[in-house]
Amino acid sequence: MTQVQDVPVTVGPLGGRVTRPEGAEAWVPKEPFISPEYAKLEAERLWPRVWQVACREQEVANVGDYVEYTIVDQSVFVVRTEQGTLKAFLNSCLHRGTQLKHGCGNAKEIRCRYHAWRWNLDGSIKEVTDAFDFDPACITPESLQLPECQVDTWGGFVFVNMDPDAETLRDFLGPIADSPEGRYLETMRFERSRSTTVAANWKTALGAFTDGYHFSGTHPQLLYYVDDTTYIYETFEKQSRMVIVGQGKPSPKLGDLDLENKDVLLAWVADLHELKLFNDEQAAALAATIHTLPPEVTPLQFMSSLTRSASEDAGIDTTGIGDDHLIGENVSDWFIFPNSCTPMTALSVFYIRFRPDGLDHESCIIDVWNLRTYPPGTAPDTWPREVYPDWREHDGWGRIFLQDLQNVPNVQKGMHTRSRDRLICGRQEIAMWNTIRVVEQYVGRK
Ligand code: FES
Ligand SMILES: [Fe+2]
């Protein structure tokens, strides 16, 4: 007879680690979050060596499309060449160093605006202005080939890596590479992009999004329709994930409220309405419908069939997508090391990327990309690219995101207290814990 043993689960569904940090490992140093010297180490040893999301393939779909990506004091631009391939160049003219591209756009060639040297889209030199005035040895075609970074794609994202000897993107991504989330993300296109800055280290800001442990403190309204106690947290060699399990179920932390299915649904719809995923009219109609539902219809059943029928009506094929994935249940929110996350359903993602704001280790650029699956042929070619120099200048973040942003500068300030030099991480925070562990390896502290 097989005996069921009451032992803690130590290996996650994808073979990663799910256990809590123990002993000395349970303490996380504060230094990576507040030290300018640590940020310098990251600038030297982390950012030049990791794969990082530069843009979406959609932004460089046509020959000549380019997007600049900046990280700390470095700038790179991704371009679609005439051969149809992607290249990423260090953004610096080989004459006297001028940056060659800013922002995004389309160009027939790469032309420096200072003295008009010109390169082909594949990085080969096309023309040196007044070439006869230069020592020919300085301007050979080989020496004037624009230096490149590695570039590769996954899930519709374009990744770059400044290290020519870095492992492949696939190896770097580990379990993310072949995940169903990658297939979902691949077909998504921009709806909106927003960038802002917040007064915190990039890891402090990222840490506000890496667990459901903060729901009861920060987002109490979520507990009415999310069971925050059943999430899965799993870490790997570099990557980490949080799996949402418990969507459409109230949290046991609410105590004995005895909520009916319709109460849960009304709370869920209210948050989606507030997020502007439903307009006033739709929200009112939904609330009316919910009041008439038979009590045995579960929130998950109702929301998934609503999503499926609305998607199919719009012309989006949902065949093969399970009810759970349609509403984000059992879907991984990947923490793509080092600096982004993918809270998502099978049809949309609220992708967030966190970058140091230049050399200021206590300011972080947050890029929020709303991507979604469109009916065939209807994805817009252009979309709002909103930039808010300070997060407080925008009032449309939505309640949940705003609640998180409000925490971040407070955490950063609080970590400066002189009385303690370390933080504590429990099981539900292993994604953050793992990120710091791997950053520590890159900077040579572990
Ligand atoms: S610096 Fe670019 S052409 Fe002179
Ligand atoms: Fe949050």
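**View 1. Thr 196 stands opposite Tyr 388 in strand 19.** This is a predicted model, in which local features need pLDDT of at least 70 and side-chain atom pairs count only at pLDDT 80 or more, while totals for chains, interfaces and linings use all residues. Residues are numbered from 1 along each chain as its sequence is written, chains are lettered from A and ligands numbered from 1 in the order in which they are written, and side-chain values use heavy atoms, with hydrogens and water left out. Strand 12 (residues 189–198) and strand 19 run parallel and are joined by 4 bridges; two strands pair if DSSP finds at least two bridges between them, and strands are DSSP runs (E, at least two residues) numbered from the N terminus. Along strand 19 (residues 385–388) the side chains alternate, with Glu 386 and Tyr 388 pointing to one face and buried, while Arg 385 and Val 387 point to the other face and are not buried. Here, buried means under 20% relative accessible area (1.4 Å probe, protein chains only).

**View 2. The iron ion (ligand 2) is held by donor atoms of His 214, His 219 and Asp 404.** The coordinating atoms are NE2 of His 214, NE2 of His 219 and two OD atoms of Asp 404, at 2.0 to 2.5 Å; donors are N, O and S atoms within 2.8 Å of the metal (3.2 Å for Na, K and Ca), and sites may look incomplete because water is not among the atoms. The angles among the 4 donor atoms run from 56 to 151°, and the site is irregular, a word used when four donors are neither tetrahedral (all angles between 85 and 135 degrees) nor square planar (opposite donors over 155 degrees apart and all others between 65 and 115), and when six donors fail that latter test for octahedral. In sequence, the donor residues follow the spacing H-x4-H-x184-D. His 214 counts as buried because its relative accessibility is 16%, and His 219 counts as buried because its relative accessibility is 1%.

**View 3. Glu 109 lies in the loop between strand 6 (104–106) and strand 7 (110–111).** With a relative accessible area of 15%, Glu 109 is buried. Its side chain makes a polar contact of 2.9 Å with the side chain of Arg 118 and another of 2.7 Å with that of Lys 126; a polar contact is a pair of N or O atoms within 3.5 Å, of which, within protein, one must be able to donate a hydrogen and the other to accept it, and residues adjacent in sequence count only if both atoms are side-chain atoms.

Terms used: Buried < 20%, exposed > 50% of the residue type's maximum accessible area, 1.4 Å probe, protein only.
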